[in-house]
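Colleague: I should be grateful for a close look at a single part of this model, followed outward to whatever it touches. Please treat it as one connected account.

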Amino acid sequence: MLPSVFATQLMAEAGSVAGRPGLLMAVAVTTAAASLWLLLPKGLEHKLTRPAGFILGAVALAAFALAGRRLGSIGEEAVFALVALVAVVSATATIVTRSPVYAAIWFAMTLAGVSGVLLILGAQFLGVATIVVYAGAILVMFLFVLMLAQPSGLASYDRVSSEPMLSAIAGAVLVGLLTISIGRLSAPVPADDVEAAATAESDAPADSVTAVVPDPLFENHVARLGGELFGRHLIAVEAAGVLLFVALVGAIAVVTRGEAAALAEGRPTR
Amino acid sequence: MTPVTHPMSVISTSLVSASADLRRRIWPAVAGCLTAMVALLLAVPSHAADTAAVPTATAVPSMDLAPDGVLQNGLLHNGLLVGALLFALGLVGILTRRNMIVMFLSAELMLQGVSVSLVSWSRYHGDWGGQMLVIFVLTVAACEAAVALVFVLQAFSRTGRLDANAWQSLRESVLPRTIDQALPPLDGGVTHWPTLTPAGVEPAHDEEALLEREHV
């Protein structure tokens, strides 16, 4: 059967591609750039543009997932893949969706995914704070401004974008260069070091390259984080408080001066 | 008396005209960038294929060893990958979208990418530095959103649009202006919002009394 032959050939190809991270990443970033370019609003669109963008985006996501490193257990990998998928797909939807209200809601979904990634990485407090501070406060502020300022219907400037192809290529080049440095960073250790590590920790398995050690920051996480924050970084906390206060005063000052100027010029105020 | 030209204005004018010139000839540069990046990616040693074949001299030894001697870079690698993707998506959004609110959402997206990378490093090194930095990133993001949204509202009250290109008269005069083409009407037609069946009889309103307020 021709399809099955083709499928096996495709799987073999995929396997050989998966064995070569450089080629895999090249495929991933180029398909991601093409998908972004297809999905970004351009005003005039063929009806096949968005499906093609979705397919290319799925290919790019699969390539990025194959390029990821193995974690300790299959369950951990599955959970990480799920939250990372939620974060990246929602981030893409944030920048390609036409309606800014939907963009804000997709950004809330991104925050949920990012919070999951932070929880997996052991930052419990930051995972919760991302939801509470970002999705609870900052995003609601964005939505509030949108409701104040959004004209009814889809504005013309939401249906076009400036230089979508150049921007997508810029993003692809950035991801490619970052990936090169990440790949160099986590190149495999020489065999001697692996043996040394195995002898240092005798009960560690021989293929402990991918073993995940317990998080040293796990015990009494929030208490120790608070101690660090209000101990070593106390002056920075004070400076952050001053910054928040100045931002508050500045925002109010700009609004009131704007209203006064509008009154003086005879423009209508809200 | 001849007008004195400030050297800085000469420099800036020549820079602007050079960038306008570059804009016309940008496609070879773009193609070169993409080709160079793909070539660099292909030149990355294929360490996953055959570990033994990689000469030990080219590997980076010390970065893979956590303080307790157990190798763990899977989480670091994946976290940095997710962070890079989020950052690049935010970059694309801020470069290409024209709605100022979506541009700010993209900036927040870039901050999220940086946060994920910082927490990955914090986990890898087992210390608090990255997480502390992320806490202050949260603070600065809140301040930035407050102040920026005020400016967006001011800009909106002046032009009636959230369009960043509504302010293109602030550009240098040599740069080309963006001219929007007429867009075809949306094919979606009228949106039908869900409605609820009315329960009971609506009482009569006094419109005047509804508009009055005792105090502001």
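Modeller: Immediately after helix α5(A), A:G122 adopts a positive phi of about 95°. In this predicted model, that glycine is a convenient point from which to look back along the helix. α5(A) is made up of 21 residues and spans 30 Å from its first C-alpha to its last, close to the 30 Å expected at 1.5 Å a residue.

The partner of α5(A) within its own chain may be taken next. Helix α4 of chain A covers residues 74-96 and helix α5 of chain A covers residues 100-120; their axes come within 8 Å and cross at roughly 155°. α4(A) and α5(A) are therefore roughly antiparallel to each other, since angles over 145 degrees are placed in that class. The crossing in which α4(A) passes α5(A) is left-handed. On the α4(A) side, the residues that make this contact include A:V79, A:F80, A:V83, A:A84, A:V86 and A:A87, and further along A:S90, A:A91, A:A93 and A:T94. On the α5(A) side, the contributors include A:A103, A:W106, A:F107, A:M109 and A:T110, together with A:G113, A:V114, A:V117 and A:I120. Sorted by class, the contact of α4(A) with α5(A) holds 16 nonpolar, five polar and no charged residues. As a general point, an α-helix has 3.6 residues a turn, so residues three or four places apart point the same way.

α5(A) also has a partner in chain B. The axes of α5(A) and α4(B) lie 11 Å apart, and the two helices pack at an angle of about 5°. That angle makes α5(A) roughly parallel to α4(B), the class for angles under 35 degrees. From α5(A), the contact draws on A:P100, A:A103, A:A104, A:F107, A:T110, A:V114, A:V117 and A:L118. From α4(B), it draws on B:I101, B:V102, B:L105, B:E108, B:L109, B:Q112, B:V116 and B:V119. The residues of the contact of α5(A) with α4(B) comprise 13 nonpolar, two polar and one charged. A:F107 is among the residues listed for the contact with α4(A), and A:F107 is also listed for the contact with α4(B).

The wider contact between the chains takes 111 residues from chain A and 98 residues from chain B. On the side of chain B that touches chain A, the elements giving two or more residues are α2 (26-43), α3 (74-96), α4 (100-125) and α5 (129-159) of chain B. The largest share of that side, 22 residues, is supplied by α5(B). By class, the side of chain B that touches chain A has 64 nonpolar, 25 polar and nine charged residues.

Chain B itself contains six helices and zero strands, and along the sequence its pattern reads α-α-α-α-α-α. Of its 216 residues, 30% count as buried. Among the contacts in chain B with a separation of 6 or more, 51% join residues 24 or more positions apart.

Back in chain A, another helix pair may be set beside α4(A) and α5(A). Helix α2 (residues 21-39) and helix α3 (residues 49-67) of chain A have axes 8 Å apart and pack at an angle of about 155°. α2(A) is thereby roughly antiparallel to α3(A), and their crossing is left-handed. Among the residues in contact are A:L24, A:V27, A:A28, A:T31 and A:L38 of α2(A), and A:R50, A:G53, A:L56, A:A60 and A:F64 of α3(A). The contact of α2(A) with α3(A) counts 17 nonpolar, five polar and one charged residues. α2(A) has 19 residues and reaches 26 Å from its first C-alpha to its last, close to the 27 Å expected at 1.5 Å a residue. Of those 19 residues, 18 are buried, so α2(A) is largely enclosed by the rest of the structure.

Finally, the matter of positive phi returns at two loop positions. Most residues other than glycine have a negative phi. A:E163, which is not a glycine, has a positive phi near 50° and is found in the loop between α6 (124-149) and α7 (164-185) of chain A. A:E163 counts as partly exposed because it has 15 C-beta neighbours inside 10 Å. A:N220, likewise a residue other than glycine, has a positive phi near 50° and lies in the loop between α8 (191-200) and α9 (221-231) of chain A. With 10 C-beta neighbours inside 10 Å, A:N220 counts as exposed.

Note on methods:
Residues are numbered from 1 along each chain as its sequence is written. Chains are lettered from A and ligands numbered from 1 in the order in which they are written. This is a predicted model: local features need pLDDT of at least 70, side-chain atom pairs count only at pLDDT 80 or more; totals for chains, interfaces and linings use all residues. Two residues are in contact if their C-beta atoms, placed from the backbone, lie within 7 Å. Helices (H or I, at least four residues) and strands (E, at least two) are DSSP runs, numbered from the N terminus. Ala, Val, Leu, Ile, Met, Phe, Trp, Tyr, Cys and Pro count as nonpolar, Asp, Glu, Lys and Arg as charged, and the others, Gly among them, as polar. Axes are lines fitted to C-alpha atoms, for helices over the stretch in contact, and angles run from 0 to 180 degrees between N-to-C directions. Angles under 35 degrees count as roughly parallel, over 145 as roughly antiparallel, 65 to 115 as roughly perpendicular and the rest as oblique. A crossing is left-handed if the near helix is turned anticlockwise from the far one by less than a right angle, and right-handed if clockwise. A residue is buried if 20 or more other C-beta atoms lie within 10 Å of its own, exposed if 12 or fewer, and partly exposed in between; C-beta atoms are placed from the backbone. The expected span of a helix is 1.5 Å times one less than its number of residues.
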